[in-house]
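Trainee: I would like to go through the helix packing and the nonpolar cores of this model. Can we take it question by question?

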Amino acid sequence: MRKIIALALLIFGLLLGWTEIRALTAETYRHKSQVIAKQSPTSIAALKSAVLSVQLAPWNAYSHAELAWRLQSSGNFRASRQQFAQALSWAPADAYLWAEYAQLLAHQRKFGREMELVTRESNRLGPTSSAIQHSNAYIGLYFWGRGTQELRNQWQTSMAFVLRTNRKRFLEQVRNVHRDRYFCLGPGVNLQVGSWCDRLSDSP
């Protein structure tokens with residue numbers, strides 16, 4: 001019996017070691033994909049590296065997310081959404097992945113029920129995350145006119161958070177991207193930025 005247990009432990013140790021090696025190699029390929037994509041987002045080499053990362057560690061949510069972005073860059077939009085669904089199936093409580101998926105859907109101009117769900121989940125899981133709230137706020141800033149009422153409510157929640165925590169910076173960025181008048185006529189109406197908008201209207 002002791003020999004059987006020892007053999008079982010040995011096999012388990014070998015399998016665990018092999019799994020760790022695969023995970024580390026997968027992470028290397030994921031990083032390689034990111035590095036290549038920074039220089040050339042549509043690079044086939046970046047796509048291949050992302051594919052290898054998923055094949056080596058199919059349980060790694062971030063490997064699936066990286067592949068999703070590479071598929072997005074290659075124009076394979078449906079497959080990119082499928083990969084993000086895989087990512088979230090492995091890490092359903094990861095607020096950053098939900099926010100990242102919202103970015104991908106915005107790139108694809110998908111503002112239906114799926115975007116509503118994704119944005120709502122990112123806000124629910126990361127209500128005080130500056131990165132997540134900024135991400136959702138900027139999506140709303142650019143696509144307010146495309147959003148459903150549910151999406152506008154979620155975007156407005158994020159904008160309100162950003163205005164509470166870093167009002168000056170956010171309003172400066174609104175101006176820098178030339179969305180100031182659009183912002184004042186849209187989401188800004190309910191966000192207590194009337195005096196800021198009034199100053200804009202007085203400026204040439």
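The turns below cover helix pairs, then cores, then a single residue of this predicted model.

Trainee: How are α5 and α6 oriented to each other, roughly parallel or roughly antiparallel?

Mentor: Helix α5 spans residues 95–107 and helix α6 spans residues 113–125. Their axes come within 8 Å and cross at roughly 150 degrees. Angles over 145 degrees count as roughly antiparallel. The pair α5 and α6 is therefore roughly antiparallel.

Trainee: Which class, nonpolar, polar or charged, do the residues of the contact of α5 with α6 fall into, and how many in each?

Mentor: On the α5 side the contact includes W98, Y101 and L105. On the α6 side, M115, V118 and L125 are among the residues met, along with E114 and E121. The contact divides into two charged, two polar and ten nonpolar.

Trainee: What is the handedness of the crossing of α6 and α7, left-handed or right-handed?

Mentor: The axes of α6 and α7 come within 10 Å, and their crossing angle is roughly 150 degrees. That makes the two helices roughly antiparallel. As for handedness, α6 passes α7 in a crossing that is left-handed.

Trainee: How many residues of the contact of α6 with α7 are polar?

Mentor: From α6, the residues M115, T119, S122 and N123 take part, and they meet I132, Q133, N136 and I139 of α7. No charged residue is counted in this contact, and three are nonpolar. The polar count is five.

Trainee: Which helix supplies the largest share of the largest nonpolar core?

Mentor: That core has 39 residues, and F84, L97, M115 and M159 are among those with the most contacts inside it. Helices that each supply at least two residues include α3, α4, α9 and α10. The largest share is nine residues, and it comes from α8.

Trainee: How many residues are in the second, separate core?

Mentor: Its members include A50, V54, L67 and A79. The core is separate from the one above, and its size is six residues.

Trainee: Which residues does M159 contact, leaving aside its neighbours within four places in sequence?

Mentor: Contact here means heavy atoms within 4.5 Å. With those neighbours left aside, M159 is in contact with A137, G140, L141, W144, F170, F183, P187 and L191.

Trainee: Is Q173 buried, partly exposed or exposed, and what is its relative accessible area?

Mentor: Q173 lies in α8, and its C-alpha atom is separated by 9.7 Å from that of Y138, 35 residues apart along the chain. Buried means under 20%. Q173 is partly exposed, and its relative accessible area is 21%.

Technical notes
Residues are numbered from 1 along each chain as its sequence is written. This is a predicted model: local features need pLDDT of at least 70, side-chain atom pairs count only at pLDDT 80 or more; totals for chains, interfaces and linings use all residues. Side-chain values use heavy atoms; hydrogens and water are left out. Axes are lines fitted to C-alpha atoms, for helices over the stretch in contact, and angles run from 0 to 180 degrees between N-to-C directions. Helices (H or I, at least four residues) and strands (E, at least two) are DSSP runs, numbered from the N terminus. Angles under 35 degrees count as roughly parallel, over 145 as roughly antiparallel, 65 to 115 as roughly perpendicular and the rest as oblique. Ala, Val, Leu, Ile, Met, Phe, Trp, Tyr, Cys and Pro count as nonpolar, Asp, Glu, Lys and Arg as charged, and the others, Gly among them, as polar. A nonpolar core is a set of buried Ala, Val, Leu, Ile, Met, Phe, Trp, Tyr and Cys residues joined through side-chain atoms within 4.5 Å. Buried means under 20% relative accessible area, exposed over 50%, partly exposed in between (1.4 Å probe, protein chains only). A crossing is left-handed if the near helix is turned anticlockwise from the far one by less than a right angle, and right-handed if clockwise.
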